[in-house]
Structures are given as C-alpha cells and as structure tokens.
Amino acid sequence: MNKALKILCHIVLIALCVFLAWRIVASVMEPVNFNKEKDARQAVAVQRLKDIRTLQEAYKSVNGKFTADFDSLAMFYNTGKMEIVMQVGSMDDSLAVANTEALKKKNRRITPQEMYARYQAGENLVFSIKNEIPVRDTVFHSRPDFVIDSLRYIPFSGGQEVEMDAVVKTVSGVQVPLFEAKMPYKKLLKGMDNQLRINLDAERRAANSYEGLQVGSISAPNNNAGNWE
C-alpha cells in the first residue's frame with residue numbers, strides 16, 4: 001500500500017470515527033433537548049390553562065355555571081361585572097366595633113350604603129359592603145401583558161384552539177357545574193421529534209393519564225385541578 005493510500009485510509013477512518021461519535025452524542029442529546037423544549041412549552045401552556053381556570057371560576061361566580069365557549073369568556077372579561085364584598089374599617093378597632101353595634105341597635109334597618117355615607121362623613125365604623133366592579137379591573141388587573149384574545153389558542157400549535165367543555169352533572173343528587181380545558185401533546189409539541197412525542201403519549205396512556213395538559217374535568221369533580229399539580 002503506497003503512502004498516499006495510507007493517508008487516505010487514515011483520513012477516512014478519522015472521518016468515520018468523528019461521524020460515529022457525533023451520532024452517539026446526537027442520539028443521547030435528542031431526548032435531552034426534547035425534554036428541555038417540552039418543559040419550556042409546558043410552562044407557557046400551564047400558565048394559559050391557569051388563566052382559563054381563573055376566568056372560568058369568575059364566570060361561574062356570576063352566572064352559576066361554567067361555559068364551553070371562549071367568546072362568552074372574552075365578552076365576560078371585556079364587559080362583565082363582578083360583585084365583591086369590601087370591608088370598611090378594621091375589626092381590630094374596638095371603638096369602631098362599639099360605634100357600629102350602637103348604631104345598629106339604634107337603627108336596625110340601616111343599610112351598608114347608609115353606613116358608608118356616615119363613614120365618609122367621619123364616623124368611626126366597621127362593616128362590609130357589596131360593590132360591583134368590571135371583571136377586567138379584578139381578574140388579571142396586575143398583568144399588563146395579559147391578552148384575552150390569546151386565551152383560546154394552544155401555544156406553539158400554529159393557531160389550534162384549546163379543547164374546552166362545560167357541563168352540569170348530577171353528583172350524589174346535587175347539580176354540580178364542571179368544566180375542563182385540554183391541550184394535547186400532539187398539538188402543543190407540534191414540530192418537535194414526532195417519535196419522541198409518540199413515546200411520551202404512550203407513557204401517559206400506560207399511566208392512565210391524559211396525553212397532554214388538562215385543567216378541570218367534566219367526568220368527575222376535581223376542584224378544577226390541573227394534571228400538572
């Protein structure tokens with residue numbers, strides 16, 4: 001074997017070794033990178049499902065049931081109002097408590113609105129009063145980045161919608177409003193390694209778990225828990 005051929009063989013062997021080493025590293029890193037990207041996407045998705053739960057629970061507090069319609073949730077957020085109970089004064093203020101008890105004994109029909117007028121006039125009182133305020137001033141008011149129109153979409157899915165449903169179910173003889181919102185991995189992990197995603201779905205099925213992220217359940221009451229909690 002001449003010198004040139006030996007050099008060529010050495011180069012081919014080195015290239016083959018580099019290629020095999022790269023394939024080994026790549027095969028090891030594929031699931032690592034997959035899980036890293038999955039966790040990043042899940043963090044965004046979980047926050048969105050939490051937001052759906054928050055708004056659904058606010059909707060139910062006003063309407064007595066949940067909704068399966070994102071348009072109804074958006075309208076509720078944009079134009080709806082909620083009744084809140086506000087405490088005026090402090091129960092730790094013994095003088096305010098005494099003044100309030102004396103006022104109620106003197107005028108048993110006095111309304112919270114009348115008491116509030118007296119409070120504004122300077123009387124030292126303590127009481128609760130109901131007030132209606134816009135939903136958007138109560139829910140997510142500290143989230144300047146919150147966008148109601150994005151709530152219906154599964155992140156990273158290319159615009160596919162969250163699978164949401166709501167029912168009223170009889171549980172132990174009692175009518176119970178229930179809702180659920182789902183993001184299947186097939187949509188949430190769109191564009192990622194399909195075989196690793198299929199493997200993940202199979203693992204979830206084997207564990208009798210939903211193949212994705214879910215909050216709430218229309219099958220049975222679960223206190224609107226998320227399956228990541």
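Begin with the aromatic rings of this predicted model, where a search of the whole structure finds seven aromatic pairs. Select Tyr77 and Phe146, which form one such pair with an edge-to-face arrangement, the ring centres being 5.3 Å apart and the planes standing at 65 degrees to each other. Tyr77 belongs to helix H2 (residues 70–79), whereas Phe146 sits in the loop between strand E2 (127–134) and E3, so the pair ties together parts that are 69 residues apart in sequence. Colour the two residues by accessibility and both Tyr77 and Phe146 come out as buried. Now add Phe140 to the selection, since Tyr77, Phe140 and Phe146 form one aromatic cluster.

From Phe146, step back along the chain to Asp145 and show its side chain together with that of Arg143. These two form a salt bridge in which the closest N and O atoms are 3.8 Å apart. Asp145 is exposed, with a relative accessible area of 57%, while Arg143 counts as partly exposed at 26% relative accessibility. Which residue, with Arg143 and Asp145, is linked in a network of salt bridges? Select Asp51 as well, for Asp51, Arg143 and Asp145 are linked in such a network.

The whole structure holds twelve salt bridges according to the search, and the next stop shows two others, beginning with Glu37 and Arg41 in helix H1 (residues 3–63). The closest N and O atoms of Glu37 and Arg41 are 2.9 Å apart, and the two residues are four places apart in helix H1, which corresponds to about one turn of the helix. Their surroundings can be compared by accessibility: Glu37 counts as partly exposed at 32%, and Arg41 counts as buried at 10%. Then select Lys38 and Asp39, whose side chains meet in a salt bridge with an N to O distance of 3.2 Å. Here Lys38 counts as buried, at 12% relative accessibility, and Asp39 is partly exposed, with a relative accessible area of 42%.

Next, hide the side chains and turn to the sheet. Three strands form an open sheet in the order E3-E4-E5, and their pairing is antiparallel. Strand E3 (163–171) and E5 are the edge strands, each of them pairing on one side only. Looking across the sheet, neighbouring strands are turned by 20 degrees against each other on average, with direction ignored.

Zoom in on E3 and strand E4 (residues 174–184), which pair in the antiparallel sense over nine bridges. To find one place in this pairing, select Ala166, whose bridge partner in E4 is Phe179. On the way to the other edge, five bridges join E4 to E5, and these strands also run antiparallel. Lys182 can serve as the marker here, its bridge partner in E5 being Gln214. Is strand E5 enclosed or open to the outside? Five of the five residues of E5 are buried, so the strand is largely enclosed by the rest of the structure.

Continue past E5 to Asn224, which is found in the segment after strand E5 (212–216). Asn224 counts as buried, at 13% relative accessibility. With residues up to four places away in sequence left out, Asn224 touches Arg53, Glu57, Phe66, Phe179, Val215 and Gly216. One of these contacts, Phe179, is the residue already met as the bridge partner of Ala166.

Now select Asp201, which lies in helix H6 (residues 194–206). How does this acidic side chain stand with respect to the surface, buried or exposed? Asp201 is buried, with a relative accessible area of 6%. Its contacts, not counting residues up to four places away in sequence, are Tyr185 and Glu211.

The last stop is Lys104, placed in helix H3 (residues 94–106). Lys104 is partly exposed, with a relative accessible area of 43%. Draw a distance from the C-alpha atom of Lys104 to that of Met115, eleven residues apart along the chain, and the separation is 9.6 Å.

Notes:
Residues are numbered from 1 along each chain as its sequence is written. This is a predicted model: local features need pLDDT of at least 70, side-chain atom pairs count only at pLDDT 80 or more; totals for chains, interfaces and linings use all residues. Side-chain values use heavy atoms; hydrogens and water are left out. Buried means under 20% relative accessible area, exposed over 50%, partly exposed in between (1.4 Å probe, protein chains only). Contact means heavy atoms within 4.5 Å. A salt bridge is a side-chain nitrogen of Lys or Arg within 4 Å of a carboxyl oxygen of Asp or Glu. Two strands pair if DSSP finds at least two bridges between them. Axes are lines fitted to C-alpha atoms, for helices over the stretch in contact, and angles run from 0 to 180 degrees between N-to-C directions. Rings of Phe, Tyr and Trp (its six-membered ring) pair if their centres lie within 6.5 Å; planes under 30 degrees apart count as stacked, over 60 as edge-to-face and the rest as tilted.
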